Amino acid sequence: MGVIIIDGSTVRDFVNDDVQFQTSVDAQFTALDVNNDGVLSRSEMRKAFESMRLLETHFGVDTATPPEELTRIYDSVFRGFDGDQNGTVDPEEFRSEMKKIMLAVADGLGSSPIQMAVEDDDQSFLKKAAELEAAKISGGGC
């Protein structure tokens, strides 16, 4: 386990580094594409959201959300990713939506740095952003 320190500029620099950002997002897309058909289905996206437990926890304590409400939320998020509304999310749609989300995170953080505890094997975009910043500071590449 380690600690990273990030702010909005760290996240924004990561998003604006086309090679690093696209490589990271494409790797995440591939990991989510369980059946390897080149697109993400509603069920593949839902499994990803469920594994992140974004909606089931409140400050580390599980909270009960009615299943029908979870379905509405997951469907709404899926529709946001499915830009052409064809029922699947292709790599370009996924990249575009992840860019919007990460830039919103950057705007939310602003110039106030935050500390985050991360696992050593964590492959989150925020950790990747911190690693990119650290590499730039140390004068090395990623």
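# Helices, salt bridges and ring pairs in a predicted model

The buried residues of helix 4 are Leu70, Tyr74, Phe78 and Phe81. Seen down the helix axis, these residues fall within an arc of 70°, so they line one face of helix 4. An α-helix has 3.6 residues a turn, so residues three or four places apart point the same way. Please keep in mind as you read on that this is a predicted model.

The length of helix 4 also works out: its 15 residues should span 21 Å at 1.5 Å a residue, and the end C-alpha atoms are 21 Å apart, which agrees. Helix 5, covering residues 91-109, can be checked in a similar way. This helix has 19 residues and reaches 27 Å from its first C-alpha to its last, close to the 27 Å expected.

## Around helix 5

Let us stay with helix 5 and start at its N-terminal end. Aspartate 90 caps that end, with a side-chain oxygen 3.0 Å from the backbone nitrogen of glutamate 92. Just after the helix, glycine 110 takes a positive phi of about 60°. Between these two points, the buried residues of helix 5 are Glu93, Phe94, Arg95, Glu97, Met98, Met102, Ala106 and Leu109.

Arginine 95 deserves a second look. At 18% relative accessibility it counts as buried, because the cut-off for buried is under 20%. Its side chain meets that of glutamate 92 in a salt bridge, 2.7 Å from N to O. The two residues are three apart in helix 5, which means they are separated by about one helical turn. Asp26 joins them too: Asp26, Glu92 and Arg95 are linked in a network of salt bridges.

## Salt bridges

The structure holds six salt bridges. Three of them are set out here.

| Pair | Closest N and O atoms |
|---|---|
| Aspartate 75 and arginine 42 | 3.2 Å |
| Arginine 95 and glutamate 92 | 2.7 Å |
| Glutamate 131 and lysine 127 | 3.8 Å |

The bridge between aspartate 75 and arginine 42 links distant parts of the chain: aspartate 75 is in helix 4 and arginine 42 in helix 3, 33 residues apart. Aspartate 75 is partly exposed, with a relative accessible area of 21%, and arginine 42 also counts as partly exposed, at 39%.

Glutamate 131 and lysine 127 are four residues apart in helix 6, so about one helical turn separates them. Here glutamate 131 is partly exposed, with a relative accessible area of 40%, whereas lysine 127 is buried, at 10%.

What, then, is the nearest side chain of opposite charge to glutamate 44, which is buried yet has no salt bridge? It is lysine 47, 7.4 Å away. Glutamate 44 sits in helix 3, and a polar atom of its side chain lies 3.0 Å from the backbone nitrogen of valine 34.

## Ring pairs

A search of the whole structure finds five aromatic pairs. In one of them, the rings of phenylalanine 14 and phenylalanine 125 have their centres 6.4 Å apart and their planes at 35°, so the pair is tilted. This pair brings together distant parts of the chain, with phenylalanine 14 in helix 1 (residues 8-16) and phenylalanine 125 in helix 6 (residues 125-138), 111 residues apart. Both partners are out of the way of solvent by the area criterion: phenylalanine 14 is buried at 1% relative accessible area, and phenylalanine 125 is buried at 10%. Ring pairs also bring in Phe21, linking Phe14, Phe21 and Phe125 into a cluster.

## Two loops with positive phi

Most residues other than glycine have a negative phi. Which way does phi of asparagine 36 go, positive or negative? Its value is near 55°, which is positive in a residue other than glycine. Asparagine 36 lies in the loop between helix 2 (18-32) and helix 3 (42-52), and is exposed, with a relative accessible area of 61%.

Glutamine 85 likewise has a positive phi of about 55° although it is not a glycine. Its place is the loop between helix 4 (67-81) and helix 5, where glutamine 85 is partly exposed, with a relative accessible area of 49%.

One last spot is alanine 31, found in helix 2 and exposed, with a relative accessible area of 58%. From alanine 31 to alanine 48 is 17 residues in sequence and 9.5 Å in space, C-alpha to C-alpha.

Terms used. Residues numbered from 1 in each chain as written. Predicted model: local features only at pLDDT ≥ 70, side-chain atom pairs only at ≥ 80, totals over all residues. Heavy atoms only, no water. Expected span 1.5 Å × (residues − 1). Buried < 20%, exposed > 50% of the residue type's maximum accessible area, 1.4 Å probe, protein only. Polar contact = N/O pair within 3.5 Å; in protein donor to acceptor, adjacent residues only side chain to side chain. Phe/Tyr/Trp six-rings, centres within 6.5 Å; stacked < 30°, edge-to-face > 60°. Arc of directions from axis to C-beta. Lys, Arg positive; Asp, Glu negative; His and termini not counted. Salt bridge = Lys/Arg side-chain N within 4 Å of Asp/Glu carboxyl O.
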